[in-house]
Each structure stands twice: as structure tokens, then as C-alpha cells.
Amino acid sequence: MGGLEKVTPPHGVALVTGGVGFIGSHLCRSLAAAGLTVHSTSRRAHPGEAHVRHWQADLSDFAVVNGLIKAIKPDYVFHLASHVMGAPDIKHLLPTFQGNLQTTVNLLTAVAEHGCRRFITTGSFMEPAGDAGDSIPTSPYAAAKWSSNAYCRLFRTLYHVPIATARVYMVYGPGQQDTTKLVPYSIHCLLKGEPPRITSGRRLVDWVYVEDVAAGFLRLALAPEAEGLTVDIGSGSLIATADLVSLICKLEGSGLEPVIGAIPDRPMEPSSTARVAESLRLIQWSPQVSLEDGLRRTIESYRRSEKKSEYSGYD
């Protein structure tokens, strides 16, 4: 069960940072459907939608963040804005520091001053497990997320910010436009009649469907017992990258297969499984969409998008 059927959402105001992104856009729709007044932010301009008031804002600027929180007065803050690049390249150091850590501290500081019912932050399975001093993050992204988590604990303990953390695993689904990500990359290759070129494919990953993730965020916001918790939002199952891409090829139906070993593996990539039994016990949430069903929905979504693009070329 997703747990949402057991929750009667209160009326209130929700702020989703990164609300025009992949996960954020799904979450905004879910929050609006639950009856909340929804605001979203991003660094780029966006026309907005009927169910969302959009704000263009640079969250690395504290004055901007403070003014935003003061103006919106959110009951629930969902912090999804992030520089989402898990590669170890040094070029990601400053963007992840500014986009992940600095934005988190700015938001926490503003919320500590103005208040909210629940601050939901986004953790990552790529963070080092535990708090041991000898743990080493595997990328700038993991380091920024790990540091953000430490600041969240500080703000909850010292300044009484009501925080809950969603430790999110590898998300896929309709609307993910970044074709450097494995699932959209593979589908776009197949729709163009090209085989996906991947690594050795040995890495084991826990994949979770984006609508299940949105349901998990909402449950974290509304469950009274969730404050102070870090809850895994994943499927609880691992699949090797090669097997995942082979499954995408099978479901797409073109007869193509991935080219395994065409690109090098990234060093030190972590592999862990979401503790979904614990998530169910803590917040009454569990994923509802199987990997095969989710991939079918995702492929069909990209197929419809491709057709729309083709038709628009005839105008």
C-alpha cells in the first residue's frame, strides 16, 4: 500500500523547490490533487500550470530564499532543487555545493525564522552509510547530500525545525528529459533504431517509479510520526544495469540489444537496497508499481512524445 489512502490531507500551502524538474513536477501534481495550495521554484523561468504558482528564484541567495519563505508562508517545504549529477568529475564540485548544500542551509535558516509544519529534505542512497568519520563520499553529489543531512540534524536539534528525510533511490518514469540518465537514454536510443551503449552492466541498482516517490514524499509530510525520521523511498529490489537495459529493449519490442562494455564503469559507485519493510512500518508507505509495469508506462510516454514531435514538424 502507498499509505495515502489512510491520510486525510489538511488544507495548507506547500512549497516544492525544483518543482519543474522530473520528480518535482510529479510531486506538484500529487500535492494539488491532495488539496494543497502548491508553489514551486526553479532557477529558470516557467509559465506555470493551473495547479501551481511558479517562482523563478536562485536558492543559493539567502535574501531571495528568506523573501520567498516570508511571502509564501508554506506549511510544508519539499526541498528537491538539486544539481543531480552523480559523476565524480571535479567540474561538479561547485555546482553541487551551491545547488545542494548552500540551498539547503539557506532554506533551513529561513524556515527556522519563519516556521513551517514539516520540512522534507531529499537524501540519496549514494550518501555514505552512517556517521563514521572514515566514510568517504563517492562523488561531489554524495558529499553535498551527506553534508546537507548533517545540517538537517543540526537544525532539528538546535533550532527545532520539524524535518523528515526521504532517502531516495534511483528514480525513473515519464517526463524525465535528461537523456544522460540511463532509462531515458536507453529508450530514446531504441526509438531512433539504435542499440543503447552501456557500461559493463554489473552495477546493481534499486529502481523506483516516480509516482511512488511522489506518494512517499506526501506521506512523509502528513504522517505525524514521521518527524525526525529518515525513510527509504525505493523498491527494495536490485537489478543489474545490463539486465535493466535488456528488459527495456524487450519491452520496447524493436529486437535491439544493448552494447555492453561500450563505455567505462564509474569508480566507487555504491549499491544498496531500500528497506521497504521499515518504510511501511514507519510511515505506512510502500511502492505500488512494479519495475516492468513502470517501464512499460515510461516507454509508452516517450513514444507518445516522439509522435507529437513528429506531428509538430508538419505545421
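In this model Val77 has Phe119 of β5 as its bridge partner, and I would like to begin from that pair and work outwards. What you have above is a predicted model, in which local features need pLDDT of at least 70, side-chain atom pairs count only at pLDDT 80 or more, and totals for chains, interfaces and linings use all residues. Residues are numbered from 1 along each chain as its sequence is written, and side-chain values use heavy atoms, with hydrogens and water left out.

The strand β5 covers residues 118-124, and β4 pairs with β5 in the parallel sense over 4 bridges; here two strands are said to pair if DSSP finds at least two bridges between them. Helices (H or I, at least four residues) and strands (E, at least two) are DSSP runs, numbered from the N terminus. On its other pairing, β4 is joined to β1 by 4 bridges, again running parallel, and within that pairing Ala14 has Tyr76 of β4 as its bridge partner. Both faces of β4 are covered, with Tyr76 and Phe78 buried on one side and Val77 and His79 buried on the other, where buried means under 20% relative accessible area, exposed means over 50%, and partly exposed lies in between (1.4 Å probe, protein chains only).

What about β1, are its faces covered or open? Val13, Leu15 and Thr17 on one side, and Ala14 and Val16 on the other, are all buried, and because 5 of the 5 residues of β1 are buried, this strand is largely enclosed by the rest of the structure. In general, the side chains of a regular strand alternate between the two faces of the sheet. β1 is also joined to β2 by 5 bridges, in parallel, and Val13 is matched there with Thr37.

Putting these pairings together, we have an open sheet of 7 strands in the order β3-β2-β1-β4-β5-β6-β10, with parallel pairing. The edges are held by β3 (52-56) and β10 (230-233), each with a single partner strand, so one side of each is left without a neighbour in the sheet. Neighbouring strands of this sheet are turned by 20° against each other on average, direction ignored; axes are lines fitted to C-alpha atoms, for helices over the stretch in contact, and angles run from 0 to 180 degrees between N-to-C directions. At the β10 edge, 4 bridges join that strand to β6 (residues 163-168), running parallel, and Thr165 stands opposite Thr230.

Turning to the helices, α1 (residues 22-33) lies across β1, β2, β3 and β4, and runs at about 175° to β1. Helix α5 (residues 182-191) is mostly covered, with 7 of its 10 residues buried, among them Val183, Ile187 and Leu190. After α5 comes Gly193, whose phi is positive, near 80°.

As for helix α7 (residues 241-252), it holds Leu251, which touches Glu292, Leu295, Arg296 and Ile299, not counting residues up to four places away in sequence; a contact means heavy atoms within 4.5 Å. The C-alpha atoms of Leu251 and Glu300 are separated by 9.9 Å, although the two residues are 49 residues apart along the chain.

On the surface, Tyr151, Leu154, Leu158 and Tyr159 make a nonpolar patch of about 380 Å². Tyr159 belongs to helix α4 (residues 140-159) and counts as partly exposed, because its relative accessibility is 43%.

Which residues other than glycine have a positive phi? One of them is Lys73, with phi near 55°, in the loop between α2 (62-72) and β4; Lys73 counts as exposed because its relative accessibility is 60%. Another is His160, with phi near 60°, in the loop between α4 and β6, and His160 is exposed as well, with a relative accessible area of 64%. For context, most residues other than glycine have a negative phi.

Let me finish with the chain as a whole. The protein chain has 9 helices and 11 strands, and of its 315 residues 50% count as buried. Among contacts between residues at least 6 apart in sequence, 78% join residues at least 24 apart.

Technical notes:
Patch = residues over 30% accessible without salt bridge, like charges linked within 9 Å, V, L, I, M, F, W, Y side chains within 5 Å. Areas by Shrake-Rupley, 256 points an atom, 1.4 Å probe, with all protein chains shown as cover. Salt bridge = Lys/Arg side-chain N within 4 Å of Asp/Glu carboxyl O.
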